[in-house]
Amino acid sequence: MSDLNKRKIVESVPQKGFFGHPKGLFTLFFTEFWERFSYYGMRAILVYYMYYEVSKGGLGLDQQTALAIMSIYGSLVYMSGIIGGWFADRLFGTSKAVFYGGILIMLGHIALAIPGSLAMFFISMVLIIIGTGLLKPNVSSIVGEIYSIKDNRRDAGFSIFYMGINLGGFLAPLIAGTAGMKYNFHLGFGIAAVGMFLGLMVFMFTKKTNLGLAGTLIANPLSQAEKKKVFTLFGLAAVIVAILIIIAILTDALTVKTFIALVGVLGIAIPIAYFVTMYRSPKTTNDERSRIIAYIPLFIASIMFWAIQEQGATILANYADKRTQLDFAGIHISPAWFQSLNPLFIIIMAPVLAWVWVKLGDRQPTIPQKFSLGLLFAGLSFLVILLPAYFGGTHSLVNPLWLVLSYFVVVIGELCLSPVGLSATTKLAPVAFSAQTMSLWFLSNAAAQAINAQIVKFYTPETEMIYFGVIGAVSILLSILLFLMSPKLQRFMKGIR
């Protein structure tokens, strides 16, 4: 059966079975739930594992270096999505990409769970980076595939899927984070590995019944001649990269600073290359080119948003550990618990925002206007967190409710931007680049964290008011600019709303 006929079968009859949605959403919901449980469980304690002293079970790295590595780690996790998207679009489809990615992620967490050296830490990084690149963009692409392009349940389906992400993200710091901080870092990482194993089990045992042909379609398969050429190029590239790494190590040119700078360049250069490739491709129609133009400002807005939101795992995680009063109302608060605030507020507020959009109907903000609201709230969240230093100075411990409020405000922005961005990406993507465009969406996060790796060095308790104030103000100014551009961008979307 041809891929075209398969696609017609997948889109032919609207399915119901999971809260009024296709039953495949059950499989994808719980696969992503456990994958995010494993990732956020690891992330809740990773920065502390890096900069805590060896006597406390950590690696004993310099604090600024640990914060930069954390940002680079996050950047590479999302940057690797281009590899996963390419393999799915050209070689074996999204379903196999999700399965292979889950195995690599699990092995990465197992590597972290084994007490070892800095070398073991970097091995785990490589496994988790590649595995997440295969799994994360492709599981989201399958969500789009189980709905037809005209199915009105599509946005709501992504919102339910997004709830699965955040349920996993909420529980992980409370379970894996508590185990890691209270007992042993490696125990926390081991719990994260178990989470990914459970996600793999859900996917393996329910995909045939629930997903059917979804995820098996190869959007733009390589011909036999192309395969030979591509694999030859991959082999040559691997040899060249290996030689360059050896030379850099022997000449002491490969340092943390140079690696951070390299990732920063790649974080900007790769998305530009992707946009140019898709726009110039003969497989892209004129309407699709117009939608790519409309997508570029949304992509830039997404970079700005994630540059703020992702500092919850770096700067604000450090803020929770060093600047926050952790004995509060008779309870000792683990700094890892603050990582649960973002998903908790999303779980609470997502139904509220969804109800608002439904209530507004055709009067609801357009996609660009929702993005501008996301930037506005992100900027305000940083203005909130500079207030404690303004009122009480930079050396006294801060009431944890300030941190809670900052997380709450940025979540309102996230709900305006992130699920809308996932859905918009599947709608605006050129057909020949469907999975790769989802990878491009995640590259906005990669670019943001690559930028963060450059700027975290400017943060100290003494400079925190300027740090939070400047970044927050830039986000608000971009919000206003995007709002003013919204009508024109809507016209470029060629009927997509």
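**Entry 1: Phe-259**

I looked up Phe-259 and found it partly exposed, since its relative accessible area is 34%, which falls between the 20% and 50% limits. The model I consulted is a predicted one. Phe-259 belongs to helix 9. I then took the C-alpha distance from Phe-259 to Ile-69: the two residues lie 9.7 Å apart in space, with a sequence separation of 190 residues.

**Entry 2: the largest pocket**

I turned next to the largest pocket, which holds about 1,300 Å³ of space. Its lining comprises 31 residues, and Phe-259 is among those closest to the centre, together with Leu-76, Val-126, Val-241 and Ile-245. I asked which elements give two or more residues to this lining. They are helix 3 (63-79), helix 4 (81-113), helix 5 (118-145), helix 8 (224-250) and helix 9 (256-280). Helix 9 contributes the most, with eight residues. I also recorded the lining by class: 28 residues are nonpolar, three are polar and none is charged.

**Entry 3: Ile-270**

I stayed with helix 9 and looked up Ile-270, which is also placed there. Ile-270 counts as buried because its relative accessibility is 17%, under the 20% limit. For a distance, I paired Ile-270 with Gly-215: 55 residues separate them in sequence, and their C-alpha atoms are 25 Å apart.

**Entry 4: cavities**

I then counted the cavities of 30 Å³ or more and obtained six. The largest cavity has a volume of about 360 Å³. Of its 26 lining residues, I noted Tyr-40, Tyr-78, Tyr-162, Trp-306 and Glu-414 as the closest to its centre. The elements supplying at least two lining residues each are helix 2 (24-51), helix 5, helix 6 (154-182), helix 10 (286-309), helix 12 (341-360), helix 14 and helix 15 (434-455). Helix 5 therefore appears in my notes for the largest pocket and again for the largest cavity, on the helix assignment used here. By class, I recorded 11 nonpolar, 10 polar and five charged residues in the lining of the largest cavity.

The second largest cavity contains about 70 Å³ of space. I listed its lining as Tyr-39, Met-42, Arg-43, Leu-46, Met-70, Tyr-73, Gly-74, Val-77, Glu-310, Ala-313, Thr-314 and Gln-449. Helix 2 and helix 3 each give at least two of these residues. The class count for this second lining is seven nonpolar, three polar and two charged.

**Entry 5: helix 13 against helix 14**

I examined the packing of helix 13 (residues 367-392) on helix 14 (residues 400-428). The two axes come within 8 Å and cross at roughly 165°. Helix 13 is therefore roughly antiparallel to helix 14, the angle being over 145 degrees. The crossing of helix 13 with helix 14 is left-handed. I sorted the residues of this contact by class and obtained 21 nonpolar, five polar and one charged.

**Entry 6: helix 6 against helix 14**

I kept helix 14 and took helix 6 as its partner. What is the angle at which the axes of helix 6 and helix 14 cross? It is roughly 125°, and the axes come within 10 Å. Helix 6 and helix 14 are therefore oblique to each other. Their crossing is right-handed. Helix 6 and helix 14 are also among the elements that each supply at least two residues to the lining of the largest cavity.

**Entry 7: helix 4 against helix 7**

I looked up a further pair, helix 4 and helix 7 (residues 185-211), whose axes are 8 Å apart at an angle of about 160°. This angle makes helix 4 roughly antiparallel to helix 7. The handedness of the crossing of helix 4 and helix 7 is left-handed. Helix 4 is already in my notes as one of the elements that give two or more residues to the lining of the largest pocket.

**Entry 8: Leu-428**

I closed with Leu-428, a residue of helix 14. Is Leu-428 buried or exposed? Leu-428 is buried, because its relative accessible area is 3%. I took one C-alpha distance here as well: Leu-428 and Lys-494 lie 9.3 Å apart in space and 66 residues apart in sequence.

Notes:
Residues numbered from 1 in each chain as written. Predicted model: local features only at pLDDT ≥ 70, side-chain atom pairs only at ≥ 80, totals over all residues. Heavy atoms only, no water. Axes fitted to C-alpha atoms, helices over the stretch in contact; angles between N-to-C directions. Helix = DSSP H or I, 4+ residues; strand = E, 2+ residues; numbered from the N terminus. Parallel < 35°, antiparallel > 145°, perpendicular 65-115°, else oblique. Left-handed = near helix turned anticlockwise from the far one by under 90°. Nonpolar A, V, L, I, M, F, W, Y, C, P; charged D, E, K, R; others polar. 1 Å grid on protein atoms, 1.4 Å probe; cavity = no way out; pocket = protein on both sides within 12 Å on 5 of 7 lines; lining within 4 Å. Points joined across faces, edges and corners; volume = space filled by probe spheres on them. Buried < 20%, exposed > 50% of the residue type's maximum accessible area, 1.4 Å probe, protein only.
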